[in-house]
Amino acid sequence: MAADTETLTIDLGTDTGAFHGGASGTLYGLYGDGVPSRNVVEGMYVRTVSTKAQDGTQHPGADALDILPSFVECGGRDVYVYLTDIYRGFPYQWPGATGEERLADFRARVEKQVRQVLTTGALKSHIVYVPFNEPEGNMFGTGEWSYDTTSWHTDPLNYFAAWKDLHHLIKGLDPHARIAGPNTCVLYEEVRGFLEFAKAHDVLPDVVTWHELSTPAAIRTNVAKYRDMERELGIGPLPVNINEYAHNYHLSVPGQMIQWISAIEESKIDADMAYWNIDGNLNDSAVEANKGNGQWWLFHTYGRMTGRTVHVRAPHPNAQYTLQGVATLDRDKRQARALFGGSGGAADLVFENVPAEIFGGTVHARLHEIPWTGQVGASAQPLRIKDLELPVDEGRVLLPLADLDAMSAYEVILSPGGDGVLAPPSIGWRRSYHAENATWTGEGYSRNGPEGSPADVDRFATSGTYHVGGLRTGSDLVVAFSVEVPQDGTYDLSVLANSHNLHELVREQGPTNVFLRVDGADPQELRLPLGYKPVVWGHTDTRVELTAGAHTLTLSARDPDLGATRGDAIIDRIDLVLRDAHVTAPALYEAAYAGLGAGARVTYEHRGARGPGAVLLPPGGTATFWVHAAVDGEALVTVDQIGPGEGLLTVNGVEVGGLDRARIPLFLTGGINKLTVTGTSELLVLDRLCVGPGTGRLETTVYPAEEGTVTGEAKVTGAHTFATGGKAVEGIGRGPDNALTLTVTAARTGRHALTVRYSNGEQPPATHYNPDPVCRHADLSVNGAPAHRILFPTTFHFNNFWDLTVPVTLNEGTNTLTFTADERPDFDGDTTNAHQQRSAYAPVIDQVAVTPLA
């Protein structure tokens, strides 16, 4: 073994407890039902949400009782209500001339909040009240907006009295209520005094909360420190939620976040990712409404772990920015899973004490990579890097790994081997080229950075820490990448880039356009992604034809054939992937790795399985697959089964019919799709799911919005240049009189996909570092039926158009679709938000497309 090769050891013989899954919590991660989509929430296995009090004015959206029903339906456990976020500002701007007046106002608002929760029936059991947030720096600190400018650290009596009063108030209204605290920004020594007081006055929190905007090492250290406090004080053990964790530099980066996940899972606690940016995107996990980036797939992979966790020995135990991991053993499934990352280069993954009664003498090992794709860059499912069989040598399995990327996370799944059936890698050749290493000509060039680093965790992650600017209005800059490819072919090209949506030059047009050429020829115009802040990365994707050997790929601000750049962009890197048989083959989703329910079980005994095992589905048994689609549209899905057997296929909650041995054309939504196979015969043996590109069997009809009927203030406009044909409809909303109605046709009665191409750039002033874009909504009525509300996330500019698909039931023949909108009132139905945080308007609508679901 080379001296610089580190070893990560998974000890399958040392059980560390039931898998908990608590790291997938989110602070302000849900805006409302649909943003992000239910598929994205459920598929990320979000366990806890911390969010603002209902009708709070701290930020747009994220109202506790608005998100509660859909979150619980998606499998969520607890909604932590930040009661203080009923107010604006940070520190909180609570009204009153004295501390007593301010506390009286807050007390009245808390009472109203609890009474509203009591109207939710059984859902109220999922609510956890957080009376104070970081009290030592807010309401009981030394600042202008504090109770009496006396710090809790100096004299805690006022804070303790307020805690006791609110605890009695909440429990008096609902004896079964759960209360969390103290919710300090760190685990101060003074927390011991808080616990002593709370025990003495019978007002202990039901859940102990604090924040760890620190390191993964502090998670382990401080949870252990807190547990020592409990033992010494004779309380608990109480549930713990670290309801703010991680920094900008870490969030969105799988290789960083796995280090936090490993510490949180090892501590068997819940934890919510910190809210630094915009709400409703699961803390830089969700893209648009229904897509996931690399971080989403990391938490999806983490959430699919089952069984018992086992001991992981890292080469540098409890040290951040090193190789760390978490692992499980599921004896019923006969699978071990390891999720790891944090270091680049080479490493040996060693499984020790591999039980022979589960795995035999040979294991099947599959290695997946979960790459970083930027904060707002969508990602396909994890890459299948290796599929191989390895011997078990005296209870030990060695998997040597090379070329690890420190920004990626990795998963290895072990199962019984010996059949020799191996899948090829899901991609062939690939390379990345950093912009700061490219050459350049022209005016305006800048090399910017360094960005986020262990020494500057408030800044954003960037490949190589540097990036390049200068592609902007008026520039003649040309950035040239020298690349070398192994063979003739079609290559996928991805440009990781950013345009800040509020930059002066970007406001004019929206997406910044630049020009791509290959060896000076084959010009293409690319529109680069917008972000909510500078150095927030997404990617624009295209294809190029390359011959084997060296080439120069240029990104320029002027092109003699196509025009000039408008806007301002920065470039992080470009990625090239050979689009060969690996990429064009159908994506494989193994039944043995699926989510199983109602008696379904994994088997390794069926001949003919083309992967690592199969699944036996009894009547009613289910296997659930989470499937990626690049865009909204048709895909061909093949359900591979072994032998006879019947079942039903459900796609995104809609039953589409029985299984077919041939490829089934299905409409998949761009991003995350939930496909479930349910057994309906005595026994169904499921092998795998194959998902490939569609062939046009599901006919899509597009209806331009400008061809519809507009009423009132709704109007057709040519102001949005990136709308299809340059026209769109705006002004829908502020009451039902301002509407858009379209007539669409269906070949048969049934469920259809309605894909709305829209833009939404509404963004009121924010109170601090969080940009506060607003989700607009449309109330859609089909054939005059009661309207259904659809939430549309920000597109960061009114000239930046995205697609959002919702299922609708259409009748054979003609149907009318009417879009209206109006501002939603508060929970009481009488008052409204006074800070422009709820829009009265629908988004700008470009067109709608209608496609049968199956």
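Which residue in strand 19 stands opposite Arg 337? The answer is Ile 413, and the notes below work outward from that part of the fold.

Before the details, a word on the basis: this is a predicted model, in which local features need pLDDT of at least 70 and side-chain atom pairs count only at pLDDT 80 or more, while totals for chains, interfaces and linings use all residues. Residues are numbered from 1 along each chain as its sequence is written, and side-chain values use heavy atoms, with hydrogens and water left out.

1. Strand 14 and its partners. Strand 14 covers residues 335–341; here strands (E, at least two residues) and helices (H or I, at least four) are DSSP runs, numbered from the N terminus. Strand 14 pairs with strand 13 (residues 324–330) in the antiparallel sense over 7 bridges, and with strand 19 (residues 409–416), also antiparallel, through 6 bridges. Pairing here requires at least two DSSP bridges between the strands. Arg 337 faces Thr 328 as well as Ile 413 in strand 19.

2. Burial of strand 14. Of the 7 residues in strand 14, 7 are buried, where buried means under 20% relative accessible area, exposed over 50% and partly exposed in between, using a 1.4 Å probe and protein chains only. Gln 335, Arg 337, Leu 339 and Gly 341 point one way, and Ala 336, Ala 338 and Phe 340 the other. Do have a look at the hairpin too: 4 residues lie between strand 13 and strand 14, and Arg 334 takes a positive phi near 60°.

3. The barrel. Eight strands close into a barrel in the order 2-3-4-5-6-7-8-9, with parallel pairing. The twist averages 25° from one strand to the next. Within this barrel, strand 8 (residues 240–245) and strand 9 (residues 270–273) share 3 bridges, and Ile 242 has Ala 271 as its bridge partner.

4. Helix 7. This helix (residues 254–267) has 14 residues and should span 20 Å at 1.5 Å a residue, which agrees with the 20 Å between its end C-alpha atoms; the expected span is 1.5 Å times one less than the number of residues. Because 13 of its 14 residues are buried, helix 7 is largely enclosed by the rest of the structure. Just after helix 7, Lys 268 takes a positive phi of about 55°.

5. Helix 5 against helix 6. Helix 5 (residues 190–200) and helix 6 (residues 216–233) pack at about 35°, with axes 11 Å apart; axes are lines fitted to C-alpha atoms, for helices over the stretch in contact, and angles run from 0 to 180 degrees between N-to-C directions. Arg 192, Leu 195, Glu 196 and Lys 199 of helix 5 meet Tyr 226, Met 229, Glu 232 and Leu 233 of helix 6, contact meaning heavy atoms within 4.5 Å.

6. The open sheet. A separate point concerns 5 strands in the order 21-24-30-26-27, with antiparallel pairing. Strand 21 (439–441) and strand 27 (521–527) stand at the edges with a single partner strand each, so one side of each is left without a neighbour in the sheet. Strand 24 (residues 478–485) and strand 30 (residues 549–556) are joined by 8 bridges, with Phe 481 and Leu 553 as bridge partners.

7. Gly 303. This residue belongs to helix 8 (residues 294–303) and is buried, at 18% relative accessible area. Gly 303 touches Phe 19 and Tyr 45, not counting residues up to four places away in sequence.
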